[in-house]
Amino acid sequence: MDNVIEASMKTSEIASRLGLETVTIRKYCLELEKHGFVFQRNDGKNRDFTSEDLHALSQMKHLIEVAKMNRVAAATVVVAGHGSSNDTRNEPPSVSVSVVKPDETRDLENVQRYLDQQEDLIRNVQNVNNAVKSMKEMLDGFQQQLATVTEENRALKDGNRSQYTTEFLTVQRIKNKLREEAEALWQLEPEKNRIIKKWFRKSEVNHIEKDRFIRNYVDTNFEKSLRTEIDN
């Protein structure tokens with residue numbers, strides 16, 4: 001009862017267990033066979049998979065999907081780890097000396113170099129992502145500051161506009177009041193200053209002198225009237 005025959009699995013069962021398409025399993029198998037991995041065939045054509053084969057294909061999937069290796073590099077790593085060449089698979093489980101061929105050493109060195117490059121690339125991508133995230137946070141901060149400044153400027157403009165309107169109306173009110181006072185004072189001026197008499201037509205108001213009188217009165221008394229308005 002010590003010799004238990006392990007039940008074999010078909011390609012469709014392997015694909016179902018690994019969550020892959022059968023065509024993908026066949027591609028993995030071809031690449032592994034190129035590197036010396038041996039699959040048993042029931043009739044010289046169809047593969048009969050063992051649990052060891054399932055483990056090898058599972059490693060192949062992990063290296064390709066997670067470690068982002070191509071099929072050639074992944075197959076090299078799997079075969080090197082399993083020692084599943086045609087010679088070693090048929091050897092009995094006796095004491096043996098592990099010999100690494102120079103070509104296999106170079107393959108492992110290339111795989112390790114590839115893995116190191118992949119790790120560097122992943123770190124670089126992470127650094128770029130972190131930099132982009134930081135720049136996005138800075139941009140968000142700048143946009144918030146810009147929105148705040150824009151709102152403050154709008155409020156300031158509204159305040160200035162309101163203040164300007166108030167000041168403008170105050171100035172106009174004071175000037176109108178001073179013009180009215182000047183009009184009343186103009187009527188008290190001597191007639192010779194107010195009226196132009198001409199022998200060939202009716203006498204008329206001296207508008208030039210009147211405008212000058214009113215303008216001088218407004219200019220002379222404006223600052224005093226404005227100060228009084230502000231104080232009140």
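Helix packing and buried residues in a predicted model

The protein has eight helices and four strands, in a model that is predicted.

Me: In what order do the elements of the protein run from the N terminus on?

Reply: The order is α-α-β-β-α-α-α-α-α-β-β-α.

Me: Why is helix 1 called roughly perpendicular to helix 2?

Reply: The axes of helix 1 (residues 11-18) and helix 2 (residues 22-34) cross at roughly 100° and come within 9 Å. Angles of 65 to 115 degrees count as roughly perpendicular, and therefore helix 1 is roughly perpendicular to helix 2.

Me: Which residues meet where helix 1 touches helix 2, and what is the contact by class?

Reply: From helix 1 come Thr11, Ser12, Ile14, Ala15 and Leu18, and they meet Thr22, Ile25 and Arg26 of helix 2. By class, this contact of helix 1 with helix 2 has four nonpolar, three polar and one charged residues.

Me: What makes helix 1 oblique to helix 3?

Reply: The crossing angle between the axes of helix 1 and helix 3 (residues 51-65) is roughly 45°, and the axes come within 11 Å. Under 35 degrees would count as roughly parallel, and roughly perpendicular begins at 65. An angle of roughly 45° fits neither class, so helix 1 is oblique to helix 3.

Me: What is the handedness of the crossing where helix 1 passes helix 3, and which residues meet there?

Reply: The crossing of helix 1 and helix 3 is right-handed. Ile14, Arg17 and Leu18 in helix 1 meet Leu54, Leu57, Ser58 and Lys61 in helix 3. The contact of helix 1 with helix 3 has, by class, four nonpolar, one polar and two charged residues.

Me: Which residues have the most contacts inside the largest nonpolar core, and which helices each supply at least two residues of this core?

Reply: Inside the largest nonpolar core, of 25 residues, those with the most contacts are Ile14, Leu18, Ile25, Leu32, Phe49, Leu57 and Met60. Helix 1, helix 2, helix 3 and helix 4 (71-82) each supply at least two residues of this core. The largest share, six residues, comes from helix 3.

Me: What is Leu32 in contact with, leaving aside its neighbours within four places in sequence?

Reply: Beyond those neighbours, Leu32 contacts Phe37, Phe39, Leu57, Met60, Ala75, Val78 and Val79. Apart from the largest core lies another core, of seven residues, including Leu178, Ala182, Tyr217 and Phe222.

Me: Why is Lys210 called buried?

Reply: Lys210 has a relative accessible area of 18%. Buried means under 20%, so Lys210 is buried. Its place is in helix 8 (residues 207-231). Leaving aside neighbours within four places in sequence, Lys210 is in contact with Glu183, Trp186 and Val205.

Me: How do you know whether Asn206 counts as buried or exposed?

Reply: The relative accessibility of Asn206 is 14%. The cut-off for buried is under 20%, and therefore Asn206 counts as buried. Asn206 lies in the loop between strand 4 (201-205) and helix 8. With neighbours within four places in sequence left aside, Asn206 is in contact with Trp186, Asn193, Arg194, Ile195 and Ile196.

Me: What share of the residues in the protein is buried, and what share of contacts between residues at least 6 apart in sequence joins residues at least 24 apart?

Reply: Of the 232 residues in the protein, 20% are buried. Among contacts between residues at least 6 apart in sequence, 61% join residues at least 24 apart.

How values were computed. Residues are numbered from 1 along each chain as its sequence is written. This is a predicted model: local features need pLDDT of at least 70, side-chain atom pairs count only at pLDDT 80 or more; totals for chains, interfaces and linings use all residues. Side-chain values use heavy atoms; hydrogens and water are left out. Axes are lines fitted to C-alpha atoms, for helices over the stretch in contact, and angles run from 0 to 180 degrees between N-to-C directions. Angles under 35 degrees count as roughly parallel, over 145 as roughly antiparallel, 65 to 115 as roughly perpendicular and the rest as oblique. Contact means heavy atoms within 4.5 Å. Ala, Val, Leu, Ile, Met, Phe, Trp, Tyr, Cys and Pro count as nonpolar, Asp, Glu, Lys and Arg as charged, and the others, Gly among them, as polar. A crossing is left-handed if the near helix is turned anticlockwise from the far one by less than a right angle, and right-handed if clockwise. Buried means under 20% relative accessible area, exposed over 50%, partly exposed in between (1.4 Å probe, protein chains only). A nonpolar core is a set of buried Ala, Val, Leu, Ile, Met, Phe, Trp, Tyr and Cys residues joined through side-chain atoms within 4.5 Å.
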